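Colleague: I'm new to this one. Could you pick a single part and take me through it closely?

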Amino acid sequence: MKVAVLGSGNGALATAFEWAKAGHEVSIFDFEQFPKNIEQINNVGGIYSEGELEGFQKITYAGHDISKVVSDAELIFAVGPAYSTEPFGEACKPYVKPGQKYVVCPSSCAGSIVFKNALGLDIKDDSVIVAETSTLPYAVRIIGDAKIAVYNRLKGGYFLAALPTKYTDEIYGVLAPVFNTIKKAENVLKTTLQNANPVIHPAVSLLNAALIERTNGEFYFYEEGVTQSVGRLMKAVDEERIKIGKKLGITVIPDPILGMEQGYQAEPTYDTGYSEAPGFKGIKAQPSLDYRYFNEDAGFGLVFFSDLANQIGVETPVMDAVLKLVSVIMDRDYKAEKARTMEGIGLSKYSLEEIKEIL
């Protein structure tokens, strides 16, 4: 099968490596402003990996010409941060062919809807399948030229849903032979709400703001950054996320339990469950506050959670407080920016029951 990977960051390279290892013909695209990893892959003809995925895999094409990557692709992965989803969709729009399958990996909150909108397709259009995953299937970092280290290939706690949901079985059948721990979710609201990054990253970063600024991130984000008080804030945010799910008829797995399923954590607590987690050891903090832990996980994730909650009548005072404080210390108003909202994805005009029916 011809597989396209949009993106050239950590997760994109791991995705490309594993699908090539599974015997598929893999091509990689990224925009011209991100040339480094593309150039390095071309220099060696593929990707090296160590850790839980090992070896070298050939990549058919890596470059900035999207027509060479997606035109004949049967399966297309959009692998990048939340702000990349819409540009990737817009880049694919001239080359969409009936029967293609797109997977936004990870969703980063309603990513499949954002991507489908960018393709110029109605949410109910079934000429192509657009799906999303709850998270990346790997903890992975680029450690050298065209070389990655996969520290954890998820053991579970990894969800998939198509848009509309009736196609989840079909896309699951394509992904499961490679992503063998993936599970089918009820709908894209489940994959959206199981995104744990908005629970973890803004809370830990906010309560370690001075240390991040003072040391430029020279400390261990989880081992040193998570204490009992930090854990209590994460727990409060998580409880609001679970309440949103309950109102939608979705069971949201508490994050420490999900972390155990994924292979990161050894105990289901919000303090030592993170600070002593085998899968989080050695992870340094971000080099500055101007980083995706605020800009993406608060600016897209918490903003979307809060906006969804408001529309369906769930109060989120803790999420709103975190957003307010993060906005103050970053000197920007994340809520006012509306990077990811119900209105922005075209669902603000629908009732709770109508949303369930549409998805």
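Modeller: Sure, here's a close look at one tryptophan and its surroundings, Trp19. Quick ground rules: this is a predicted model, where local features need pLDDT of at least 70, side-chain atom pairs count only at pLDDT 80 or more, and totals for chains, interfaces and linings use all residues. Residues are numbered from 1 along each chain as its sequence is written, and side-chain values use heavy atoms, with hydrogens and water left out.

Trp19 has 0% relative accessibility, so it counts as buried (under 20% relative accessible area, with over 50% being exposed and anything in between partly exposed, using a 1.4 Å probe and protein chains only). Its ring makes a tilted aromatic pair with Phe77, at 5.3 Å centre to centre and 55 degrees between the planes. For pairing, ring centres of Phe, Tyr or Trp (its six-membered ring) must lie within 6.5 Å; planes under 30 degrees apart are stacked, over 60 edge-to-face, the rest tilted. Trp19 sits in helix α1 (residues 10-21) and Phe77 in strand β6 (residues 75-78), so this pair ties together parts 58 residues apart in sequence. Helices (H or I, at least four residues) and strands (E, at least two) are DSSP runs, numbered from the N terminus.

Phe77 is buried too. Trp19 also pairs with Phe179: the centres are 5.7 Å apart and the planes at 90 degrees, so that one is edge-to-face. Phe179 lies in the loop between α6 (168-175) and β12 (182-184), 160 residues from Trp19, and is buried at 1%.

Leu175 joins in as well: leaving aside neighbours within four places in sequence, its contacts (heavy atoms within 4.5 Å) include Trp19 and Phe77.
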